[in-house]
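Student: I am new to this structure. Please take me through one part of it closely, the surface around the DNA strand.

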2 protein chains.
Amino acid sequence: MSKHNIRLKDIAEELGISIPSVSRALNNKPDIGKETKKKVFELAEKLHYQRNQFAINLKNQKSFIIGVIIPQIVHHFFSNVISGIINEAEKLSYSVMLYQSNESYESELKGVDTFQRSMIDGLIISLSDNTINVDHLKNLQEHNVPVVMIDKVNPEMESAKIICDDYKGAYYATEHLISLGKKKIAHITGLADPYTIKERYKGFESALRDYKLTFYPNFMKKCNLVSREDGYTSTLTLLSENEIPDAIFCATDPTAIGAIQAIKEKGLRIPEDIAVMGFSDWKMASVVDPPLSSVAQPDYEMGKKAVELIINEIQLTRENKPIKYETYIMETSLILRESTLGK
Amino acid sequence: MSKHNIRLKDIAEELGISIPSVSRALNNKPDIGKETKKKVFELAEKLHYQRNQFAINLKNQKSFIIGVIIPQIVHHFFSNVISGIINEAEKLSYSVMLYQSNESYESELKGVDTFQRSMIDGLIISLSDNTINVDHLKNLQEHNVPVVMIDKVNPEMESAKIICDDYKGAYYATEHLISLGKKKIAHITGLADPYTIKERYKGFESALRDYKLTFYPNFMKKCNLVSREDGYTSTLTLLSENEIPDAIFCATDPTAIGAIQAIKEKGLRIPEDIAVMGFSDWKMASVVDPPLSSVAQPDYEMGKKAVELIINEIQLTRENKPIKYETYIMETSLILRESTLGK
DNA sequence: ATGAAAGCGCTAACAA
DNA sequence: TTGTTAGCGCTTTCAT
């Protein structure tokens, strides 16, 4: 067993030349003899030489690692974001370190700390819902580690931000329902905290107003988790009232799926009696019965964009140039299926 | 702007003491004066000192990074595996570097190469379907980087392996269908290449044999992608024959969902006319109509186990101790829903 | 074209 | 308890 990995020194000694010469050869520097270079390459190959990046990192103070913190990996949106990040990072020769906060602020802190110890060159983060204080991120920036925020952003952070146009997505979704002739549209939303959910609510409301539809306060259901269960029970409540909606726009797909379940149980038809619209276009949206119309977010593209931005910032930071922080708003798109269009 | 990050040297100079003293203080070594220690900590705090891990890594030849390569992140099974890996790694103070091969052998090679340059301490890998040669992994092992294989394994690799008992899972699934009184059970499988799919087929066959049921060759459908479309068309073919099955066991959940779609279109009842069973218990299994019975794999647990194993091997490698490679077979569990049980 | 020397930031061995 | 010295593996001056 080779006790230690091969070093430049080993090659230099065996060839009877100096270490810098070996280094020059392997790095294809101009100032090295053709003959020497050849010999070095051959021996390196033979000994399975692998450069020791630790030393190079120490010299360059650069790891070529991007840290990524997201709330949960097992989530259609985020796994696509990550997929975009990884594929793009690969193209630009960066590695991606991944951490999930599980929606815990403490865990997010720990992630930042771990990453800081791993000497990441930059951080892409989607905040946990429980994060209000962003000092840990500001601290990172002070240590010359750029931060790019994605989706779950925070106004207190001065950084590049990538969000998707939840407002417009919700507006168009509502508009679509209106175009079907629906007049009594309900909305199932979450607690107002997460920025994205709030935007969806706003978009919904604006569309109603622009098209001069009545806003029924009873048709607004707030639920905690925007989960399938919440969608189910909220819809049952909606359907138990005197006046029931002819369409439901749900702030998330799971909620919409719960709504579908409730509507079907009540013996009502979708979309004839009640049309249903979700948000995020989860993979499951296409397999429910009826298939769910939804608002698709440019998840993969957002990840890709985040990598572009962070690498650019890493570069600028390195050159000590000023960085202009912008917020990038990416467009959503309507995915129309049977839950609104019918067969 | 702080041009450079704070070093031990900066603290030492400002305090008029030596660098090692600062190091000792910050590392809570015993041989350091209480007073000095206090002063060092205070100044370090004030200057926002962050240790430079590059230097420590160079010294220790250790990165505390685990590399993970999987075919695709956007996949229910793998995202859960990764979730298990990350959460467990966090507990043990390791960072996780992630790469997806997108089922390409070349991409997998590139991932290994990138990771090697990032000086990972160990690799957890689930092979791409197109990987037959494993020299890239053997090469890693030769450079003292342990490798643990998960799910998609290769018999040529001498390494720890974690798989789940696809054979038994399929056996129990089939047994369940038999227990419902079903006698003409079809199986939709994939091309035999991936080990896991083959095992599922074997388990299915064994159950039929053990329970002395007829094996109808016509009821075996092989399809390329085990996708929803393939499941749909395969089932349509099945249903167009003279004799049709009274149950279908599908090698994957998407296939099963395609099968459900086809059966419903034909006006047959599930499970009364035809019961349907999937494999992997994707998130979508619970939202289709009727909810799909499936075989759940211990994905999260597999990820967790992989971290345990790799860190143990990293330790043993470091101490130059011999490693005994074992294959861990994790149990699946039946998740029974309406597609077999009825309402 | 090549070698000698210095240094990236930190820690460990040895002295004092 | 503290300082001095050396070294992790590599690259980059500066000489030659």
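Tutor: What follows describes the protein surface around one DNA strand and then a sheet elsewhere in the protein.

This is a predicted model, in which local features need pLDDT of at least 70 and side-chain atom pairs count only at pLDDT 80 or more, while totals for chains, interfaces and linings use all residues. Residues are numbered from 1 along each chain as its sequence is written, chains are lettered from A and ligands numbered from 1 in the order in which they are written, and side-chain values use heavy atoms, with hydrogens and water left out.

Around DNA strand C there are 25 residues, and A:Ser21, A:Arg24, A:Gly33, B:Leu8 and B:Tyr49 come nearest. A residue is near a molecule or strand if one of its heavy atoms lies within 4 Å of it. By class, the surface near DNA strand C has ten nonpolar, eight polar and seven charged residues. Here Ala, Val, Leu, Ile, Met, Phe, Trp, Tyr, Cys and Pro count as nonpolar, Asp, Glu, Lys and Arg as charged, and the others, Gly among them, as polar. Seen from the DNA, 65% of the atoms of strand C within 4 Å of the protein belong to sugar or phosphate, and the rest to bases.

Some polar contacts (pairs of N or O atoms within 3.5 Å) can be named. The side chain of A:Arg24 has an N or O atom 2.7 Å from a base nitrogen of DNA strand C. A:Thr36 places a polar side-chain atom 2.8 Å from a phosphate oxygen of DNA strand C, and the side chain of B:Ser23 has an N or O atom 2.7 Å from a phosphate oxygen of DNA strand C. The elements that give two or more residues to this surface are helix 2 (19-26) and helix 4 (53-60) of chain A, together with helix 2 (19-26) and helix 4 (53-60) of chain B. Helix 2 of chain B gives the most, with four residues. Helices (H or I, at least four residues) and strands (E, at least two) are DSSP runs, numbered from the N terminus.

Chain B also holds an open sheet of four strands in the order 7-6-8-9, with parallel pairing. Strand 7 (220-223) and strand 9 (275-277) of chain B each have a single partner strand, so one side of each is left without a neighbour in the sheet. Two strands pair if DSSP finds at least two bridges between them. Strand 6 (residues 185-190) and strand 8 (residues 247-250) of chain B pair over four bridges, and B:Ile188 stands opposite B:Cys250 in strand 8 of chain B.

Methods. Polar contact = N/O pair within 3.5 Å; in protein donor to acceptor, adjacent residues only side chain to side chain.
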